[in-house]
Amino acid sequence: MFNNRTLIQISTAAFCWLFYHQADGINYLIFNVLLLIALLLRDSSLLKSKAFLAISIASLASAFAIYWYGTDWPLQMNVLSLLALAGLSYSRESSLLVAMFHSMYSFFASPVIHVFERIFKNGTEVKTNESKLFKRIVLSIMPLIIVFVFIQIYRSGNPIFDKYISEINFDFISLEWCFFVLYGAWLMFAFFKQSIIKQLQQSDNSTPDALRAITEQEHNESYFGQLIQIPNEVFTGVLLFALLNVVLACVNGLDFYFVFFKGKLPEGISISQYVHNGTNSLITSIVLASLIILFYFRGYLNYYPKSFWLKALAFVWILQNALLIFSTAYRNGMYIDGFGLTHKRIGVLIYLLLTMIGLLTVAIKIALTKNNWFLFRKNAWAIYLTLIVYVLFDWDCIITNYNLHHFETDKKMEIDQRYLVNLSHTNLTKLFEFYLVKQKKLNDKAEYSEYDYGEDSFSSSSRSNTAYTRKIERMIWDKYRALKADYKEHEWPSECYTKTKNLRETEALIAQYQLKEVLSVNPR
């Protein structure tokens with residue numbers, strides 16, 4: 001067994017060693033492994049927790065994605081994973097949301113609370129030499145800061161004092177390093193010394209997923225039970241769900257008629273309008289649908305013997321919302337086919353997947369008489385695990401490969417090629433091969449202007465397209481130069497697989513085909 005103090009000291013040293021003046025790379029993977037080992041050294045029984053094991057695997061997967069791709073999304077998911085890991089290591093019975101909340105709370109509160117208790121808490125406990133030393137070190141900080149302020153005042157008011165003070169060489173002290181160490185110590189203290197809100201923790205641990213059986217008398221004594229009688233509440237629910245099903249049936253019917261049977265949209269409606277409006281309305285309708293279902297199935301109506309039609313219509317409405325999700329996904333696919341793949345359009349598909357999972361959990365809640373905590377717990381895991389899987393793929397390369405292949409075969413289609421160039425470094429080699437080695441071109445949806453191209457602006461569309469292609473080529477060279485400058489002579493903690501791979505492959509293409517480097521798009 002290792003105590004927290006030792007683990008905080010070792011992990012702080014590792015944090016400073018791996019991250020000071022380093023970029024995102026293999027350092028995250030090593031650090032995640034070290035933190036997992038530290039948690040298991042402190043409490044090996046964590047291996048019995050399925051939630052802890054799942055988060056551990058997810059944190060290692062996201063850390064590996066940081067090393068492999070070196071992009072932003074894996075980094076953000078790794079931070080969330082470590083927050084959940086710290087919370088579950090303190091209380092393995094916590095739900096995912098509560099564990100993350102307590103970790104964030106600990107980051108802001110735990111060091112402050114601990115220092116306050118060590119210094120100002122009164123009690124009859126025996127003070128050890130270590131606690132006395134800690135107290136004196138902390139209490140010395142404020143006098144030292146005040147002395148430093150007065151030294152600066154005296155330096156500005158006394159040239160002789162300033163002359164001798166300035167001759168003292170303090171170069172051996174790096175304030176940046178000192179603040180980085182303090183920052184690392186703060187992070188590791190919060191990671192290993194969790195602070196919790198006891199009422200929230202107890203409520204989370206003591207609340208099961210199953211809804212507590214409620215009697216008719218208990219319902220009648222509640223606020224809504226006194227406000228409206230049970231038969232009347234069932235009547236309003238049946239009427240509401242019946243009318244909503246009729247309206248949604250009309251919406252789905254029109255979608256299926258024009259998209260699947262007629263094969264084209266009505267006059268005056270663009271594919272862009274059809275997709276964007278459909279997605280926005282889907283978001284609103286699903287949120288409202290869930291809130292309405294949560295209201296009606298919050299308590300006694302789950303057990304009321306005459307609620308058959310209410311449940312049946314609720315299930316039909318959930319099914320119709322699932323059809324609306326399918327229709328929206330199909331619209332998004334039409335948009336991708338016509339205008340290319342982007343992160344936002346991938347995000348729409350992920351949102352639709354999560355929405356479908358949410359509807360499934362709502363149906364399970366009604367069928368198996370679960371409470372609202374069940375929805376929050378299961379959907380939190382669904383969102384988290386979906387995003388972990390998402391970061392394991394190189395979406396920038398997938399987007400680039402799809403768009404280049406798709407729009408190269410259809411010369412009539414137009415695409416924003418600057419979007420491809422502005423993606424991360426992972427598609428650099430592919431862009432070099434397509435534009436600079438094979439000298440291929442695509443149509444672009446942008447309007448060509450003298451402002452964009454200066455002397456390269458031409459009157460004919462074909463010559464303007466040539467000017468635009470030259471600008472894209474210069475942007476690709478800029479992208480190569482930026483990656484090379486950023487990654488030049490990096491140290492081993494910043495090693496990133498795709499950065500190294502793309503630089504080597506790109507430089508091999510430059511040497512093999514004797515590519516001549518062109519000027520920057522924005523020369524200084």
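Visitor: Where is Ile197 found?
Guide: In this predicted model, two helices frame the position of this residue, α8 (175-192) and α9. Ile197 is found in the loop between α8 and α9.

Visitor: Is Ile197 buried, partly exposed or exposed?
Guide: Residues under 20% relative accessible area are buried, and those over 50% are exposed. Ile197 has 29% relative accessibility, so its class is partly exposed.

Visitor: How many Å apart in space are Ile197 and His102, C-alpha to C-alpha?
Guide: Leaving aside neighbours within four places in sequence, Ile197 is in contact with Phe101, His102 and Tyr105. Along the sequence, Ile197 and His102 are 95 residues apart. In space, C-alpha to C-alpha, the distance between Ile197 and His102 is 7.5 Å.

Visitor: Is Asp204 buried or exposed?
Guide: Asp204 belongs to helix α9 (residues 198-206). Not counting residues up to four places away in sequence, Asp204 touches Glu93, Ser94, Ser95, Val98, Trp373 and Arg377. Its relative accessibility is 2%, and Asp204 therefore counts as buried.

Visitor: How many helices does the secondary structure of the protein come to?
Guide: The protein has 524 residues, of which 42% are buried. Its secondary structure has zero strands, and the number of helices is 22.

Visitor: Are α14 and α17 roughly parallel or roughly perpendicular?
Guide: Helix α14 (residues 308-339) and helix α17 (residues 395-408) pack with their axes 9 Å apart, at an angle of about 70°. Angles from 65 to 115 degrees count as roughly perpendicular. The orientation of α14 to α17 is therefore roughly perpendicular.

Visitor: Which residues of α17 make the contact with α14?
Guide: By class, the contact has four nonpolar, two polar and one charged residues. The side of α14 contributes Ile336, Asp337, Gly338 and Phe339. From α17 come Tyr402, His406 and Phe407.

Visitor: Which helix gives the largest share of the largest nonpolar core?
Guide: The largest nonpolar core has 74 residues, and those with the most contacts inside it are Phe31, Phe192, Tyr384, Phe432, Tyr435 and Ile476. The largest share of this core is eight residues, and these come from helix α21 (residues 461-487).

Visitor: How many residues are in the second, separate core?
Guide: This core includes Tyr300, Leu313, Leu324 and Leu375. Its number of residues is 29.

Visitor: What is the phi of Thr369?
Guide: Thr369 is in the loop between α15 (343-368) and α16 (372-390). Thr369 is buried, because its relative accessible area is 17%. Most residues other than glycine have a negative phi. Thr369 is not a glycine, yet its phi is positive, near 55°.

Visitor: Is Glu489 buried or exposed?
Guide: Glu489 lies in the loop between α21 and α22 (497-512). Although Glu489 is not a glycine, it has a positive phi of about 50°. With a relative accessible area of 73%, Glu489 is therefore exposed.

Visitor: Over which residues is the pLDDT below 50?
Guide: The mean pLDDT of the protein is 83, and 83% of its residues reach 70 or more. One stretch has a pLDDT below 50, with 19 contacts in the model beyond near neighbours in sequence. This stretch covers residues 446-463.

Definitions and conventions
Residues are numbered from 1 along each chain as its sequence is written. This is a predicted model: local features need pLDDT of at least 70, side-chain atom pairs count only at pLDDT 80 or more; totals for chains, interfaces and linings use all residues. Side-chain values use heavy atoms; hydrogens and water are left out. Axes are lines fitted to C-alpha atoms, for helices over the stretch in contact, and angles run from 0 to 180 degrees between N-to-C directions. Helices (H or I, at least four residues) and strands (E, at least two) are DSSP runs, numbered from the N terminus. Angles under 35 degrees count as roughly parallel, over 145 as roughly antiparallel, 65 to 115 as roughly perpendicular and the rest as oblique. Contact means heavy atoms within 4.5 Å. Ala, Val, Leu, Ile, Met, Phe, Trp, Tyr, Cys and Pro count as nonpolar, Asp, Glu, Lys and Arg as charged, and the others, Gly among them, as polar. A nonpolar core is a set of buried Ala, Val, Leu, Ile, Met, Phe, Trp, Tyr and Cys residues joined through side-chain atoms within 4.5 Å. Buried means under 20% relative accessible area, exposed over 50%, partly exposed in between (1.4 Å probe, protein chains only). pLDDT is the predictor's confidence in each residue, from 0 to 100.
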